[in-house]
Amino acid sequence: MYHIPIMKNEVVDALCVREGATYLDATLGGGGHTGAILAAGGKVVAIDRDDDAINYCKSHLSGDVTYIKGIYENAAALLSDNGIESIAGAVMDLGVSSHQLDDPTRGFAYSHDGALDMRMDRTQKFSAYDVVNTYDGGRLADIFRRYGEEQFAGRIASAIVKRREKSDIKTTFELSEIICGATPHRKGSHPAKKTFQAIRIEVNGELKGLYDALCGIFSLIERGGRLAVITFHSLEDRIVKAAFKDFATDCICPKQFPVCVCDHRATGKIIARLTPSKDEMIQNTRSTSSTLRIIEKL
């Protein structure tokens, strides 16, 4: 399977899919959530930056789907360009797809040997190879700490810089070996996991536009419609949680202000925070770290 959708039933239930209504899947991937929305009677506008994902879904899904290549932070403009000014709800399944992880040619995974790549959009020139081989040690360490929350960031960065003095680092296995050699043994998690995550986020700019993307997408949702967002690590989840809090809060003035001067009014109501069932986590281990947050438009 191209990608196993996380909490598919929970997402469709959260969106309260209506017959003939239009929903946005801002992270199409393997089309699992889009397919579920179609099966429930909805229409879908699907966005993805990966040509592989769009081509796969075009050949495997049937129903009323409008496919758009792009990034979710541009969702409002992309939909407007396609004559869509409002939607009944939206889903965002953040992070990397199973297909991207499992395909060695995409260079996302430390568990498969392949060229260092990690580009979600393969027409983009900048790749993991550029990060690993051109960033100085300080910049590498900063990225590993910021986007991977890696406690051995400095040691890993130094090991990478030392290794590439001999020759460029070209493959995922080369990079993974360097990381493993620079860090002590850790139970329960591969030593390269956090560093690979950090490099992937840097290559694809995954966090830079996330808050603005949530604002843009939520602004398109009709009253009573819902936004469902699935995150896979704390960095994503903090941004989503903060955005939902802002949507659901009246005054957002600093606490030291004696009176409200922002005139901000809540536009949403937080509905739920869900995690996968035990059965789903057993059947799909990649769902273990996921969180589904749901907010309704007022």
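These legends go with a set of close-up views of a predicted model.

**View 1. The enclosed space inside the protein.** A search through the whole structure turns up one cavity of 30 Å³ or more. The volume of this largest cavity is about 350 Å³. It has 30 residues around it, and those nearest its centre are Thr27, Asp48, Asp93, Gly95 and Met120. Looking for secondary structure in the wall? The elements that give two or more residues to the lining are helix 2 (32-39) and strand 2. As for chemistry, the lining of the largest cavity splits into 13 nonpolar, 11 polar and six charged residues.

**View 2. Asp50, in the loop that follows strand 2.** Here we're looking at the loop between strand 2 (43-48) and helix 3 (51-60), which is where Asp50 sits. With a relative accessible area of 3%, Asp50 falls under the 20% cut-off, so it counts as buried. Its side chain has company: a polar atom of the Asp50 side chain lies 2.9 Å from the backbone nitrogen of Asp52.

**View 3. Gly35, a residue of helix 2.** Gly35 is found in helix 2. Its relative accessibility is 23%, so Gly35 counts as partly exposed. For a sense of scale, take Glu85: Gly35 and Glu85 are 50 residues apart in sequence, and their C-alpha atoms are 22 Å apart in space.

**View 4. The largest pocket.** This one holds about 860 Å³ of space. It is lined by 31 residues, and the closest to its centre are Val96, Leu101, Lys193, Gln197 and Arg200. Three helices give two or more residues each to the lining: helix 5 (98-102), helix 10 (193-204) and helix 12 (234-247). Helix 10 gives the most, with five residues. Sorted by class, the lining of the largest pocket comes out as 10 nonpolar, 14 polar and seven charged residues.

**View 5. The second largest pocket.** The volume here is about 180 Å³. Around this pocket you'll find Ile4, Pro5, Met7, Lys8, Asn9 and Glu10, along with Glu280, Gln283 and Asn284. Helix 1 (8-15) and helix 13 (278-283) are the elements that give two or more residues to its lining. Helix 1 gives the most, with three residues. The class split for the second largest pocket is three nonpolar, three polar and three charged residues.

**View 6. Two backbone oddities, Met7 and Cys16.** Met7 isn't a glycine, yet it has a positive phi of about 45°. You'll find Met7 in the segment before helix 1, and Met7 also belongs to the lining of the second largest pocket. Its relative accessible area is 0%, so Met7 counts as buried. Cys16 is another non-glycine with a positive phi, of about 50°. Cys16 lies in the loop between helix 1 and strand 1 (22-25). At 43% relative accessibility, Cys16 counts as partly exposed.

**View 7. The largest nonpolar core, seen around Leu227.** This core has 61 residues, and those with the most contacts inside it are Leu24, Met92, Phe144, Leu214 and Leu227. What does Leu227 touch, leaving aside its neighbours within four places in sequence? The list runs Ala90, Met92, Leu214, Ile217, Phe218, Ile221, Phe244, Arg293, Ile294 and Ile295. Apart from the largest core lies another one, of 24 residues, including Val17, Ala21, Val44 and Leu292.

**View 8. Phe144, another residue of the largest core.** Phe144 lies in helix 7 (residues 137-148) and is among the residues with the most contacts inside the largest nonpolar core. Is Phe144 buried or exposed? Its relative accessible area is 0%, so Phe144 is buried. Not counting residues up to four places away in sequence, Phe144 touches Glu149, Glu150, Ala153, Ile156, Ala157, Ile160, Thr195, Ala198 and Ile199. Gln197 makes a handy landmark here: Phe144 and Gln197 are 53 residues apart in sequence but 8.5 Å apart in space, C-alpha to C-alpha. Gln197 is also one of the residues closest to the centre of the largest pocket.

Conventions
Residues are numbered from 1 along each chain as its sequence is written. This is a predicted model: local features need pLDDT of at least 70, side-chain atom pairs count only at pLDDT 80 or more; totals for chains, interfaces and linings use all residues. Side-chain values use heavy atoms; hydrogens and water are left out. Helices (H or I, at least four residues) and strands (E, at least two) are DSSP runs, numbered from the N terminus. Buried means under 20% relative accessible area, exposed over 50%, partly exposed in between (1.4 Å probe, protein chains only). A polar contact is a pair of N or O atoms within 3.5 Å; within protein, one must be able to donate a hydrogen and the other to accept it, and residues adjacent in sequence count only if both atoms are side-chain atoms. On a 1 Å grid over the protein atoms alone, a cavity is a set of points where a 1.4 Å probe fits but cannot get out, and a pocket is an open set with protein on both sides within 12 Å along at least five of seven lines; lining residues have an atom within 4 Å of a point. Grid points are joined across faces, edges and corners, and a volume is the space filled by probe spheres set on the points. Ala, Val, Leu, Ile, Met, Phe, Trp, Tyr, Cys and Pro count as nonpolar, Asp, Glu, Lys and Arg as charged, and the others, Gly among them, as polar. A nonpolar core is a set of buried Ala, Val, Leu, Ile, Met, Phe, Trp, Tyr and Cys residues joined through side-chain atoms within 4.5 Å. Contact means heavy atoms within 4.5 Å.
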